Amino acid sequence: MAEDDVNRKYGLGTKETWWEDPPVNRGNSGPDKFRWPVLSIVFTLPYLIPVTKGLLAVDRVTPGVVVLWVLVYGVAVSYALFPVAFDRSRPFRFAYSAWMLVLGLTVVAAADTSPFVMLYGTAALVFLLPLVWVVVLDGAALLLGAGILLLDGRFGDNYGDLITVGSVTMAMFFMSSLVRAVRRLQQANEEIATLAVANERERLARDLHDLLGHSLTTITVKAGLARRVLETAGDIPRAVEEIREVESLTRSALSDVRATVSANREVSLSAELVGARAALRAAEIDADLPHAVDNVRPEFQPTFGYVLREAVTNVLRHSGAKRVRVRLGDSWLEIEDDGTATDVVAGNGLRGLSERLAAVGGALRTSVRAGGGLLVRAEIPLPEPSPATPAVRAEPAGGLA
């Protein structure tokens, strides 16, 4: 992923980043529900100790003093319950955030205490709400806090603490943005891993279909030929030779399956031509195949090998053809048969070939011939020629097998 794409997707420069809820942290959606209450005591002690001393120093207990005790320790208890909000819906998180801000502002207004108490609400809010609401609500709370101090005549003594609250809140805002970006990247990595598994499964399914479909079809044809030889002519030496080829094909198919599973299998166009020639001959189908693949660009040969394998397999299985012709160019391959097909049915094989060609920028076209049978053409666009390299026109290769 390019750097610009990462910044656009995970930075602060997009509307989605500002308005979306904080991404869920897989397996841990917030502070630990058992450790956090203990930590919250440590965090609230700098606020609780001086306020508690002031409340204990009053001459007599009045309803107003009791309300102050409830408000002061209500802030501490609410802050200890901070992890609970992570698992709840957006309305609950909004309600909790508003409660913390209102509680902090009420304490500042009702008690002669530092506005530092507001920090517990503004800092908690940045991890619970979309960033745009963090800016709006925390900004409004800081302005209201400044207004309360001005009206009460305490702004000159406490503006430093108010600036500290704003600075720490801003630092927590950027920390929250970083945490959100990290969680989005973790989710993206999980999605990439899932896609990689799915792509590997598709690769195995496609490769095994192409491999086993062709190999088993050829083995079936050769076994049938050996049976017919024994039943009609009693030619045991020829039948034995066919059975030996079946054994060889079986061993080769087993080796290819192992290589496919380990992703180490390489397809050779020339080897596929040899295999196609043997399979068509065993099926008693006349084959007009190229004798060489030198005119095909080397980087296209593995892909064309798959195309040839699947097309010949389809001819053996479904076509009822008596003749097959294959032509090769530097960036294209054509397989034509004179079978009985009257329409194109896109099965798993053709879909798999289309995916292979699409992966290298190519395309597969299948059409019905006028007299019956199919014409399959695979073509891959040539790379842009270098100005210093003269263009060379490649002639198609062909010839009777």
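This briefing covers aromatic pairs, charges over rings and one helix in the structure above. The model is predicted. It holds 14 aromatic pairs, and two of them are described below with their geometry and burial. A pair of aromatic rings is described by the distance of the centres and the angle of the planes.

**Pair W18 and F173**

- The ring centres of W18 and F173 are 5.9 Å apart, and their planes meet at 35°, so the pair is tilted; tilted pairs are those with planes neither under 30 degrees nor over 60 degrees apart.
- This pair links distant parts of the chain, because W18 lies in helix α2 (residues 15–19) and F173 in helix α8 (residues 155–233), with the two positions 155 residues apart in numbering.
- W18 has a relative accessible area of 25% and is partly exposed, while F173 has 10% relative accessibility and counts as buried.
- The two labels differ because buried means under 20% relative accessible area, with W18 at 25% and F173 at 10%.

**Pair W36 and F43, and the aromatic cluster**

- The rings of W36 and F43 also form a tilted pair, because their planes are at 55°, with centres 5.7 Å apart.
- W36 is buried at a relative accessible area of 11%, whereas F43 is partly exposed at 40%.
- Both W36 and F43 belong to one aromatic cluster, which also takes in Y47, Y79, F82, Y96, F116 and Y120.

**Charges over rings**

- R88 places its charged end over the ring of F92, at 4.7 Å from the ring centre.
- R356 places its charged end over the ring of Y306, at 3.5 Å from the ring centre.

**Helix α7**

- Helix α7 covers residues 131–152, which is 22 residues.
- At 1.5 Å a residue, α7 should span 32 Å, and its end C-alpha atoms are 31 Å apart, so the two values agree.
- The buried residues in α7 are L131, V134, D138, A141, G145, A146 and L149.
- Seen down the axis of α7, these buried residues fall within an arc of 135°, so they line one face of the helix.
- Exposed residues on the other side of α7 are L143, L144, L150 and L151.
- Leucine therefore appears in both groups of α7, with L131 and L149 buried and L143, L144, L150 and L151 exposed.
- G153 follows α7 and has a positive phi, near 75°.

Technical notes: Residues are numbered from 1 along each chain as its sequence is written. This is a predicted model: local features need pLDDT of at least 70, side-chain atom pairs count only at pLDDT 80 or more; totals for chains, interfaces and linings use all residues. Side-chain values use heavy atoms; hydrogens and water are left out. Rings of Phe, Tyr and Trp (its six-membered ring) pair if their centres lie within 6.5 Å; planes under 30 degrees apart count as stacked, over 60 as edge-to-face and the rest as tilted. Helices (H or I, at least four residues) and strands (E, at least two) are DSSP runs, numbered from the N terminus. Buried means under 20% relative accessible area, exposed over 50%, partly exposed in between (1.4 Å probe, protein chains only). A charge sits over a ring if NZ of Lys or CZ of Arg is within 6 Å of the ring centre and within 35 degrees of the ring normal. The expected span of a helix is 1.5 Å times one less than its number of residues. The arc is that of the directions from the helix axis to the C-beta atoms.
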